[in-house]
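Hello,

Here is the structure I promised to pass on to you. Have a look at it first, and then read my notes below on the charged side chains.

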Amino acid sequence: MKDNGAKRILVIEDDAFLMDAYKVKLQQSKYGILFAQDGEAGLDIARRERPDVIILDLVLPKMSGVDVLKALKDGDDTKDIPVIVASNLDQKKMIEETKALGAADYFIKSNISINELIEKLDSYLSKP
C-alpha cells in the first residue's frame, strides 16, 4: 500500500557504497524508497509492494538482475512497473537483451551521476 500517495522507488543494488549514495540522494526526494541487496529479496519486495519504478543492478547475489527482470515482466502484478537497469556492464548485447525483456532504460553506472539518474526517475514518475 502506498504511503500518503507518494510514488515509490525500489532500488535493487548490492554495492554498499552505492546503496548509501542512493539512500542519501533519494531520501531528499519526495518519493518513498525501498531497498534490496539481492535479486531474490528485490523480487519479493517488488511483488509485495508494487513500487512505481525499480532501479535494478544486473550483477546481484542469489538471483541475477536479468532473472529478476524476466520474473517482473512475466508477473501480472509487476509487468507494468518501469525497470531502469543501472549496471556497469557496458556490453551492447546485454543492453539489447534487457531492453528486449522490457527494461524501460539502461544506464552505465560509471557514466551517470546520481543526480542525472534522479532526473530520469522524475521523468518516469511524472508520467500518468
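Let's begin with Lys92, which is exposed, with a relative accessible area of 63%. Please keep in mind as you read that this is a predicted model.

Which residue does Lys92 pair with? Lys92 forms a salt bridge with Glu96, and the closest N and O atoms are 3.9 Å apart. That just fits the rule, because a salt bridge needs the nitrogen and the carboxyl oxygen to be within 4 Å. Both residues belong to helix 4 (residues 92-101), where they are four residues apart, so about one helical turn separates them. Glu96 itself is partly exposed, at 47% relative accessibility.

In general, side chains of opposite charge can pair when their charged atoms come close. By the rule used here, the model has eight salt bridges, and I would like to show you two others.

The next one joins Asp57 and Lys109, whose side chains meet at 3.4 Å, N to O. Where do these two residues lie? Asp57 is in the loop between strand 3 (53-56) and helix 3 (65-74), while Lys109 is in the loop between strand 5 (105-108) and helix 5 (114-125), so the pair ties together parts that are 52 residues apart in sequence. Are they buried or exposed? Asp57 counts as buried, at 5% relative accessibility, and Lys109 is buried too, with a relative accessible area of 17%.

The other one is between Arg48 and Glu49, with 3.5 Å from N to O. Here Arg48 counts as exposed, at 55% relative accessibility, whereas Glu49 is partly exposed, at 22%. This pair also belongs to something wider: Arg8, Arg48 and Glu49 are linked in a network of salt bridges. Try finding those three residues in the viewer.

Finally, a word about Asp38. You will find Asp38 in the loop between strand 2 (32-36) and helix 2 (39-49). Asp38 is buried, because its relative accessible area is 14% and the cut-off for buried is under 20%. What does the side chain of Asp38 reach? It comes to 3.0 Å from the backbone nitrogen of Glu40. Leaving aside residues up to four places away in sequence, Asp38 touches Ile12, Pro61 and Lys62.

Happy exploring, and do write back with any questions.

Best wishes

Notes: Residues numbered from 1 in each chain as written. Predicted model: local features only at pLDDT ≥ 70, side-chain atom pairs only at ≥ 80, totals over all residues. Heavy atoms only, no water. Buried < 20%, exposed > 50% of the residue type's maximum accessible area, 1.4 Å probe, protein only. Helix = DSSP H or I, 4+ residues; strand = E, 2+ residues; numbered from the N terminus. Polar contact = N/O pair within 3.5 Å; in protein donor to acceptor, adjacent residues only side chain to side chain. Contact = heavy atoms within 4.5 Å.
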